[in-house]
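Work through the exercises below with the sequence and the three-dimensional model beside you. Each task is followed by a solution that goes step by step.

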Amino acid sequence: ELPAGSHHAVRIDGRYYQIEVSDSTDQHVVLSHDITEWELQEHWLLRVLAVGVLLVLGVALIAGWWSAVAVLSPLQRLTMRLGKVRPDQRGVRIASAFQGSETAHIARAFDQYMERLDQFVEREKYFATAASHELRTPLAVMKGAVEVLDAQAHQHELPPPSQRALQ
């Protein structure tokens with residue numbers, strides 16, 4: 001029934017054969033060779049390869065997950081630590097907690113930023129104190145002058161310019 005040519009793994013009654021069919025003008029020649037053992041070994045090897053691929057894939061997934069956790073852990077710790085910093089806190093430094101990790105550079109940059117911010121706050125406090133003092137002095141002088149004019153107004157009549165100033 002097979003056409004002329006080479007036929008690999010032809011299954012007949014549960015066995016595998018390699019069959020060569022030659023159709024010459026004189027005779028019809030068929031050569032067959034039982035390759036059942038080779039085919040079964042090939043099927044076994046394919047199953048082993050499939051299991052091996054699945055096993056390697058599983059190990060790769062576990063290793064990838066583990067390495068991702070290991071790499072991202074310092075970054076997660078840094079994120080949690082930065083999330084706890086309140087805006088009113090001064091003198092916050094975090095770089096010492098991250099020495100030797102990949103996030104140490106980020107933590108040092110954050111510390112430098114916080115130090116500059118602390119300097120700005122101190123400068124603003126100093127300015128507010130100095131400005132407050134400088135504004136209180138003229139106000140105290142004016143208040144004193146108004147009190148003197150008010151006392152004079154009760155004692156006797158003030159000249160018109162002084163009355164305008166008092167009002």
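**Exercise 1. Say how accessible R93 is, and follow its salt bridge to the partner residue.**

Step 1. R93 is partly exposed, with a relative accessible area of 33%, where buried means under 20% relative accessible area, exposed means over 50%, and partly exposed lies in between, as found with a 1.4 Å probe on protein chains only. Before going on, keep in mind that this is a predicted model, in which local features need pLDDT of at least 70, side-chain atom pairs count only at pLDDT 80 or more, and totals for chains, interfaces and linings use all residues. Residues are numbered from 1 along each chain as its sequence is written, and side-chain values use heavy atoms, with hydrogens and water left out.

Step 2. A salt bridge is a side-chain nitrogen of Lys or Arg within 4 Å of a carboxyl oxygen of Asp or Glu, and R93 forms one with D118 at 3.1 Å from N to O. This pair links distant parts of the chain, with R93 in the loop between α1 and α2, D118 in helix α2, and their positions 25 residues apart. Helices here are DSSP runs of H or I with at least four residues, strands are runs of E with at least two, and both are numbered from the N terminus.

Step 3. D118 also forms a salt bridge with R90, and the closest N and O atoms are 3.0 Å apart. Because D118 lies in helix α2 (residues 104-155) and R90 in the loop between α1 and α2, the pair ties together parts that are 28 residues apart in sequence. R90, R93 and D118 are thus linked in a network of salt bridges, in which D118 counts as buried at 12% relative accessibility, whereas R90 is partly exposed at 35%.

**Exercise 2. Find the salt bridge of R15 and state which elements it joins.**

Step 1. By the salt-bridge rule, the count comes to four. One of them is formed by the side chains of R15 and D34, at 2.7 Å from N to O.

Step 2. R15 lies in strand β2 and D34 in strand β3 (residues 28-34), so the pair ties together parts that are 19 residues apart in sequence.

Step 3. R15 counts as partly exposed at 38% relative accessibility, and D34 also counts as partly exposed, at 34%.

**Exercise 3. Describe the overall form of the protein.**

Step 1. The secondary structure comes to three helices and three strands, and from the N terminus on the elements run β-β-β-α-α-α.

Step 2. The radius of gyration, taken over C-alpha atoms, can be set against a globule rule of 2.2 Å times the number of residues to the power 0.38. A compact globule of 167 residues would have a value near 15 Å, but the protein has 48 Å. Along its principal axes, the C-alpha trace spans about 155 × 35 × 25 Å.

Step 3. Buried residues make up 15% of the 167 residues.

**Exercise 4. Locate the largest nonpolar core, and then a nonpolar patch on the surface.**

Step 1. In soluble globular proteins, nonpolar side chains tend to be buried together. A nonpolar core is a set of buried Ala, Val, Leu, Ile, Met, Phe, Trp, Tyr and Cys residues joined through side-chain atoms within 4.5 Å. The largest one here has nine residues, namely L78, V85, V92, I94, A95, F98, A107, F110 and M114, and α2 gives the most to this core, with three residues.

Step 2. Leaving aside residues up to four places away in sequence, F110 touches L82, V85 and I94, where contact means heavy atoms within 4.5 Å.

Step 3. On the surface, W44, L45, L46, V48 and L49 make a nonpolar patch of about 500 Å². Patches are made of residues with over 30% relative accessible area and no salt bridge, with like charges joined within 9 Å and nonpolar side chains (Val, Leu, Ile, Met, Phe, Trp, Tyr) within 5 Å. L49 lies in helix α1 (residues 36-83), and L49 is partly exposed with a relative accessible area of 48%.

**Exercise 5. Examine the backbone angle phi at A9 and at D13.**

Step 1. A9, in strand β1 (residues 5-12), has a phi near 55 degrees, a positive value in a residue other than glycine. A9 is partly exposed, at 26% relative accessible area.

Step 2. D13, in the loop between β1 and β2 (15-23), has a positive phi of about 55 degrees although D13 is not a glycine. With 78% relative accessibility, D13 counts as exposed.

Notes. Accessible areas come from the Shrake-Rupley method with a 1.4 Å probe; for residues, only the protein chains shown count as cover.
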